[in-house]
Amino acid sequence: MDSIKGIKGVKDILPEETPRWRLIEDTVRRWALSYGYQEIRIPIFELTALFARSIGSATDIVEKEMYTFPDRDGTSLTLRPEGTAGTVRSFIEHNRAADPLPQKYFYIGPMFRHERPQAGRLRQFHQFGVEFFGTSDPRADVEVIALLWRLLSDLALPDLTLEINSLGSSDDRAAYKPFLRSFLSQQQALLCENCHRRMDTNPLRVLDCKVPSCRAATESAPRLTDHLSTEARQHFDQVLCGLVALGVPYQLNPRLVRGLDYYCLTSFEITSTHLGAQNAVGAGGRYDGLVKTLGGPSVPAVGFALGLERVSLMFQKTSSPLRDECLYYVAAFGEEGKKCGLVLLDELRRAGISTQCDYRATTLKAHLRQADRAKCRYAILLGDDEASLGSVILRNLESKAQEVLPLEGLASILKTRTFPA
RNA sequence: GUGGGUGUAGCUCAGUUGGUUAGAGCGCCGGAUUGUGGAUCCGGAGGUCGCGGGUUCGAAACCCGUCAUCCACCCCA
């Protein structure tokens with residue numbers, strides 16, 4: 001019989017990796033909390049309409065990458081492809097805008113997109129993200145960018161680049177698009193097939209095309225940043241000033257266009273050269289219109305999302321492997337020793353002392369081998385001799401020093417001992 | 001959706017122009033006299049050579065198909 005395999009692009013995170021993942025998760029949580037963001041836990045599936053309306057129906061995500069299925073009554077549901085839509089939905093549904101603003105949320109969890117798997121790209125992947133609601137002040141943009149930059153720096157990820165751009169207001173873009181379109185139509189012959197299609201659906205994306213000939217053809221294209229309203233221009237300048245003040249290095253990238261429809265004004269992306277083709281580790285921007293689009297009040301917002309697999313990929317290269325270990329190993333053998341050992345294990349564990357044992361081992365030799373392999377710091381030897389004496393031998397596996405301790409009350413004795421980390 | 005690479009033991013990989021019973025290292029289990037681990041030595045378990053066809057006296061190897069996986073396009077975190 002064929003064994004059942006996991007789903008394509010859906011990976012197990014095995015015990016060798018989970019300590020590292022926990023460290024990453026703990027780090028991003030700590031940073032978010034220290035900036036005053038509060039954790040929100042939203043469902044991993046929602047009405048399909050939510051994503052179609054927020055992300056944009058013409059985007060690849062909505063067009064061909066969503067895991068969509070009918071509920072039993074026929075309602076179309078979708079596994080979340082990103083976290084912002086659900087967070088905003090929740091914000092509106094619980095009428096959070098009636099509470100004092102601003103409000104700052106963060107989330108962490110799995111997302112789903114039906115894409116072809118690749119280095120740093122999975123069908124189930126994990127994101128950490130923050131959403132800062134209720135402040136249009138550019139310092140809010142600076143704050144979320146700084147948060148992202150600082151926590152990535154804290155993880156000591158190598159060779160990061162922050163790129164930033166302003167997409168202007170939707171009016172700015174509407175005013176700019178004719179200029180861009182007329183420029184692009186002059187260059188049409190030089191553009192790739194994909195870009196021909198983009199010229200109609202989303203001309204801004206042509207600027208972001210990776211094909212070298214397209215890049216060359218758009219080198220002298222009119223820049224959106226030259227067509228910003230004074231408000232948008234000011235906002236952008238203040239964001240940049242803030243970054244300078246904080247010493248967060250950035251690179252202007254007038255070609256940077258985010259894929260999701262809801263972004264406006266500030267748009268940014270952090271990339272690393274250590275990631276292969278999928279080089280964006282985190283990205284975000286402002287989305288002042290989204291809350292209203294989804295049926296809520298007009299509340300400005302700014303946020304980002306961070307790809308945790310991509311963080312993990314880089315983190316592996318810079319951090320040494322971690323492992324969850326038990327402090328003690330109970331080597332119980334012999335008729336009476338085994339009986340006492342079973343009880344001792346329970347006592348130690350109830351006292352919160354991490355303890356291991358291999359029930360297969362019948363000899364002391366086999367036990368010590370297992371203790372060594374499990375990287376325990378101490379072995380508690382408990383054979384028939386000890387059982388009849390009511391004692392145990394505590395063996396330091398590194399120094400090989402041994403001492404005799406009473407079996408009775410051993411947990412409280414060990415509990416008082418402190419060990420170097 | 002489109003390309004390209006790779007599928008041999010739990011893991012990393014050898015395997016000659018097609019030739020007998022498919023190998024190594026690591027890992028795992030056991031042993032090297034009584035109740036003391038890591039090292040060494042010895043022994044053992046473990047493989048439908050991804051799967052299905054085909055060519056051949058003979059296929060892990062060659063051909064076709066298929067599946068899986070990786071990388072890239074695309075897209076994005």
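Me: Before we start, what counts as near a strand here?
Reply: A residue is near a strand if one of its heavy atoms lies within 4 Å of it, and please keep in mind that this is a predicted model.

Me: OK, so which residues come nearest to RNA strand B?
Reply: There are 48 residues around RNA strand B, and those that come nearest are R198, R369, R373, D385 and L397. On the RNA side, sugar and phosphate make up 50% of the strand B atoms that come within 4 Å of the protein.

Me: And what polar contacts reach a sugar or linking oxygen of the strand?
Reply: Among them is one from the side chain of D372, where an N or O atom is 2.9 Å from a sugar or linking oxygen of RNA strand B. The backbone takes part as well, since a backbone N or O atom of A280 lies 3.2 Å from such an oxygen, and a polar backbone atom of A283 is 3.2 Å from a sugar or linking oxygen of the strand.

Me: Which element gives the most to that surface?
Reply: Helix 14 does, with seven residues; the elements that give two or more also include helix 7 (193–201), strand 10 (280–286) and helix 15 (384–389).

Me: How do the residues of that surface divide by type?
Reply: The surface near RNA strand B has 22 charged residues, 15 nonpolar ones and eleven polar ones.

Me: Switching topic, what does the domain assignment give for chain A?
Reply: The assignment gives domain 1, made of 18–169 + 229–318, and domain 2, covering 328–416.

Me: How many Å separate their centres?
Reply: Taken over C-alpha atoms, the centres of domain 1 and domain 2 are separated by 50 Å.

Technical notes
Residues are numbered from 1 along each chain as its sequence is written. Chains are lettered from A and ligands numbered from 1 in the order in which they are written. This is a predicted model: local features need pLDDT of at least 70, side-chain atom pairs count only at pLDDT 80 or more; totals for chains, interfaces and linings use all residues. Side-chain values use heavy atoms; hydrogens and water are left out. A polar contact is a pair of N or O atoms within 3.5 Å; within protein, one must be able to donate a hydrogen and the other to accept it, and residues adjacent in sequence count only if both atoms are side-chain atoms. Helices (H or I, at least four residues) and strands (E, at least two) are DSSP runs, numbered from the N terminus. Ala, Val, Leu, Ile, Met, Phe, Trp, Tyr, Cys and Pro count as nonpolar, Asp, Glu, Lys and Arg as charged, and the others, Gly among them, as polar. Domain bounds come from an automatic or database domain assignment.
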